[in-house]
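This report asks how the lining of the largest pocket is made up, and then turns to some backbone features.

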Amino acid sequence: MSHMRNESEQNYKRGYEWGLMLEAKKRNPNIKLYGLPWAFPGWVSMGKGQNPYAYPNVTADYIVNWVAGAKRVHNLTIDFIGIWNERAYNTTYIKTLRKMLDMRGFERTRIVAADGGWEIAADILADSKLAAAVDIIGAHYPGSKTTPQALATNKTLWASEDYSTFNDPVGGGCWARLINQNYVDGNMTSTIAWNLLAAYYNGLPFYRTVL
């Protein structure tokens, strides 16, 4: 649910995610909040097809508005922000996002990139400004393995999406094993489960693949 369906409209009450974050904070005030776009509204491309990176300042402003709205409307601090779930990343956009977060007072919001594989590590090693912008390298379903380039960045490494086992006693054991293997074998200090809650009907993909 977009907080900005067009460039002049902002709504920070739309969507169930606000309620989930507020209830999570009630139960554990120290819990960390991490935002990751799965899609962008078409207007951020400004007529350049469906490319959210065509105008990095526009897309970065869209994301920073969400971070700011979370704080202003709900008093929620977004601790981490991602780039685009399991899609291509753009190094210019990442650096623009870091600059805009800092300019608007969100220096403590850390960037996780790029929620796919470990490929961004090579770009981080080759670009000092990108290295300064990215705080954490996050990979999805890394199989408990990192790469030499990811390790060479000296960045914090995460399995920023993992899990995919049944929520039963066997699945619980698999989850415990995965957390340990990601840390011991892959130097990943966080393993984030997808997904927390679900109501998939039996027979659909990912049935009972939840905590």
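The lining of the largest pocket divides into 27 nonpolar, 8 polar and 7 charged residues, where Ala, Val, Leu, Ile, Met, Phe, Trp, Tyr, Cys and Pro count as nonpolar, Asp, Glu, Lys and Arg as charged, and the others, Gly among them, as polar. The model is predicted, so that local features need pLDDT of at least 70 and side-chain atom pairs pLDDT 80 or more, while totals for chains, interfaces and linings use all residues. Residues are numbered from 1 along each chain as its sequence is written, and side-chain values use heavy atoms, without hydrogens and water.

A pocket is here an open set of points on a 1 Å grid over the protein atoms alone, where a 1.4 Å probe fits, with protein on both sides within 12 Å along at least five of seven lines; lining residues have an atom within 4 Å of a point. Of the 42 lining residues, Glu17, Leu20, Tyr34, Gly35 and Leu36 lie nearest the centre of the largest pocket. The largest share, 7 residues, comes from α1, helices being DSSP runs of H or I with at least four residues and strands runs of E with at least two.

Two residues that are not glycine have a positive phi, as tabulated with their relative accessibility (buried is under 20%, exposed over 50%, partly exposed in between; 1.4 Å probe, protein chains only).

| Residue | Phi | Relative accessible area |
|---|---|---|
| Asp115 | about 55° | 0%, buried |
| Tyr141 | about 50° | 32%, partly exposed |

Asp115 is placed in strand β3, as is Ala114, which a cis peptide bond with omega of about 0° joins to Ala113.
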